[in-house]
Amino acid sequence: MATAQATTRTASGPPGKGALAALRERPALAKILALLVVAAVAVPLAHARWGGGVWPGALTVDLSGPLGEVNDWIIGNRDSHPLFLYFFGHISNAVVLSVRGVYLALLALGWAGVTAVAALVAWRTAGWRLALTAGLSFLLCGLLGMWVPTMQTLALMVVAVLVSVVLGLLLGLAGGLSDRTFRVLRPVLDTMQVLPAFAYLLPVVLVFGIGVPGAVLATVVYAAPPMARLTALGLRGADPGVMEAVASLGATGRQRLLSARLPLARKELLLGLNQTIMMALSMAVIASVIGAGGLGDRVYQALSSVDVGAALAAGIPIVLLAVVLDRTTEAAGRRIGAEPTGPAALRGARGWGLAALIAAAVAVVGRFTGGRIWPEGTVVPIAEPVNTAKDWMVDHLYTGVPVIGGTADWAAHFTNWVLNPLRDGLQGLPWWAVLLIVAALAWTIGTWRTAATAVLAMAAIGVLGVWDLSMDTLSQVLAAVAVTLVLGFGIAVGAARSRRLERLLRPVLDVFQTMPQFVYLIPVVALFGVGRAPAAAAAVVYALPAVVRITTQGLRGVDPAAMECARSLGATSGQRLRQVQIPLARPALLLAVNQGVVLVLAVVIIGGLVGSGALGYEVVFGLAQGDLATGLVAGAAIVCLGLMLDRVTQPTTRRQRKES
C-alpha cells in the first residue's frame, strides 16, 4: 500500500508542479494571473497617489502653449522665411507645375484618346474583358458629366502615385537591405498606417496652405507607407538559396540587388503599387477638404448640402477609377512568371507598340472632331432622379413607420441604448482599470512588448489631456465594430458555403470597398440625421466589405482534409463550422477584426463632419480654424487610440508560430 502511494506521488509530482504544468498548458491564464499580482501591488499605490476617477490632472501635460507658438510662428513666417521661400516654396511650385502638366496632357489627348489609352493598357495587361471594362468606365464618367473633374483627380493621382512609389521604393530599399533601418522604420510605418487620413491634413495646410500642393503632399504621406512596407518585405523575403548562388558567382552588392533581389520581389512590388494607387485615390478625395479639386470637391460640396444625387454622380466615377486601376495592377501581378498568351506578333514590345499606335490614331481623330472635352449634349443627369428617390425614402422611412419605427427612431434607440451607456461606462471606469483591461487583452493575444505598447499608447492619451474625448471615440468605435463583425461574420459564413452567393456579393463588395468615405456620410445623414449614430452607420458600411472578404477567404482556406475528416465522423454543418473551420481560420478572423477596427476608426473620425463629436470634432475644428494645438493633440490621440486597437487585435508573429 505504501509502495502504491509512493508510486502515485512520484507520478503526479510534488504539489506545486501540477499547478505549474497546468499554467504552462494555459499561457493566457498564466498571463492574467501575473497581471493580477502586479495590479494587486500597483493599483493601491496609484489610487492613493492620484485617485481612481478620470485621468489625474497631475499626469497631464498641456501642449497648447508650445503648439500655439509653433502655429503662430508658421503663420507669421510662411511668406518671408527662407525655409518656406526656398524649400517648401520650390516643392509647392514643382507640384503645381507637375499636376498642371499632366492635366493639360490629358486634355490634349481628348476624351477619346484617354479612353483608348485606358482600354489598350488594360488589354495589354489583363485581356479584352478588362479592356472593355476600362473603356466603358471612362465613357460612363463622361456620360455622368464628370469628365473634367475626373481628369483633375487623375492628374493629381498620377503625380501623387509617382512620388509615393519613388519615396516608398527608397524607404523600402533602405529597410530591406538593413536590419537596423527596418527596425527604425517599422514603428513609423505602423503609426502612419493607423493614423486616419483626416489627421494628415492640418500640418500640411499650415505649411503649404489650401490648394493642390498640400493635397498632393498629404496624399503622398498617406500612400507611400504600403509601398515602403511591401518593398522591404519583398527584399527581406528573397530566397536565401538564390541569393547564396548569386553571391558565389562573385556578384557585387549592387548586382545582387538588381539581378536577384528586385526580380524576386516583383510580386510584392506590384502589390505595393496596387495598394499605393488605392490609398492615393482615397486620400485624393479626402484632400478635397483642403482644395484638391476634382471629383472629391464635388463630393465634399454635396456633403455640405446633403445632395445625395450630386454625391452619387461624383462617387460613381471614383469607384470606376478604383476598379479599373485595381484590376489592372492585380492582373499585372498575376501575369508575372506566367507563360505569355495570345498571338506571337502581339507579345512583348510589338504589342505595346501596336497599342501606342492605335491610341495615337484615336486621339488624333478625336481632336480633329472636336473631342477635347466630353460634349455636354450627351450628358445623362442622374442627380435629380436620385434625389427624388432619396426624398421619397426620407418621407416614408425617416419617421412614423408602423411597428418598426423610422430610421430616425433607430438612430435614437442606438444612441440611447448602445452609444450612451458604452460611453458613460468607459468614462466612468477608473483610469487604471482601463489600462489593466488593455494590458490583459494585448498580453493575452501577443507578448509583453505588445501589452507595453498598448498601455503606453493609452497612457499617452491621458497625458495629452483628452481622456474623456478618447473614451467617447472609443465607445463609437467599439459599437460600430461589434455591429460590423456580427454582420460581416454572418455574411461571410454564407459566402464561404455558397459559391453563387460569393459571386453575387463580389461586385457589391467591390463598389462598397472603393467608394470614398465621404460618400457614405451623405445618405446616412439624410436617413438618420446628424449625430454619432450616422457616423457609426457609415463606419459599418465602410468596414463591412473588408471583414466579409477576409473572413470568407479564411473559412474557404481551411484544410479540406480536416473538413472531410470531420464530415466522415458524422459532424453536422454547424459542428464543422464551430469546431473545425473557425478554430483553423483564427488568424484570418483576427485579421478581419483588426482591419475592421482600423477602417471603423477612420470613418468615425471623419464623422466629426456630421456631428459625431469627440476626437473627430476636435480634428475638424482644428482644421477649420487653423488651430494646430487643438487639431494636432486630437490627431496624436487618434494615433495612440489606433495603435492600441491595432495591438489588441493583431497577434504577434511569435505567438502565431507557437499556435501553428
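Let me start with Ala260, which has its place in helix H12, the helix that runs over residues 253-264, and please keep in mind throughout that what we are looking at is a predicted model. Ala260 counts as buried, because its relative accessibility is 3%, and the cut-off for that word is under 20%. If you look for Val246 in the structure, you will see that Ala260 and Val246 are separated by 14 residues in sequence, while their C-alpha atoms are 7.5 Å apart in space.

Stepping back to the whole chain, the protein has 30 helices and 0 strands. Of its 660 residues, 46% count as buried. The protein exposes about 32000 Å², and carbon and sulfur atoms supply 66% of that area. As for contacts with a sequence separation of 6 or more, 81% of them are accounted for by residues that lie 24 or more positions apart.

Now to the interior. The largest nonpolar core has 140 residues, and those with the most contacts inside it are Phe198, Leu201, Met458, Leu641 and Met644. Which helix gives the largest share of this core? That is helix H29, residues 628-648, from which 12 residues of the core come. Taking Phe198 as an example, and leaving aside residues up to four places away in sequence, we find that Phe198 touches Ile286, Val289, Phe518, Ile605, Ile606, Leu609, Val619, Val620 and Leu623. Apart from this core lies another one, of 8 residues, with Ala496, Val558, Ala566 and Ala585 among them.

Staying with helix H29 for a moment, this helix is also the place of Thr630. Thr630 is buried, because its relative accessible area is 19% and the limit is under 20%. Again not counting residues up to four places away in sequence, Thr630 touches Glu618 and Phe621.

Another residue I would point out is Ala614, which is found in helix H28, residues 614-625. Its phi is near 55 degrees, which is a positive value in a residue other than glycine. Ala614 counts as buried too, with a relative accessibility of 8%.

Let me turn to how some of the helices cross, beginning with helix H5, residues 82-126, and helix H10, residues 212-236, whose axes come within 9 Å and cross at roughly 90 degrees. H5 and H10 are therefore roughly perpendicular to each other, since angles of 65 to 115 degrees are counted that way. On the H5 side the meeting involves Ile91, Ser92, Val95, Val96 and Val99, and on the H10 side Val212, Pro213, Val216 and Leu217. What is the make-up of this contact between H5 and H10, in nonpolar, polar and charged residues? The residues divide into 8 nonpolar and 1 polar, with no charged ones.

The other pair is helix H6, residues 128-143, with helix H7, residues 147-177, and here the axes come within 7 Å and cross at roughly 125 degrees. That angle makes H6 oblique to H7. Phe138, Cys141 and Gly142 of H6 make the contact with Trp147, Thr150, Met151 and Leu154 of H7. The residues of this contact divide into 5 nonpolar and 2 polar, and once more no charged residue takes part.

How values were computed:
Residues numbered from 1 in each chain as written. Predicted model: local features only at pLDDT ≥ 70, side-chain atom pairs only at ≥ 80, totals over all residues. Heavy atoms only, no water. Core = buried A, V, L, I, M, F, W, Y, C linked by side-chain atoms within 4.5 Å. Buried < 20%, exposed > 50% of the residue type's maximum accessible area, 1.4 Å probe, protein only. Helix = DSSP H or I, 4+ residues; strand = E, 2+ residues; numbered from the N terminus. Contact = heavy atoms within 4.5 Å. Areas by Shrake-Rupley, 256 points an atom, 1.4 Å probe, with all protein chains shown as cover. Axes fitted to C-alpha atoms, helices over the stretch in contact; angles between N-to-C directions. Parallel < 35°, antiparallel > 145°, perpendicular 65-115°, else oblique. Nonpolar A, V, L, I, M, F, W, Y, C, P; charged D, E, K, R; others polar.
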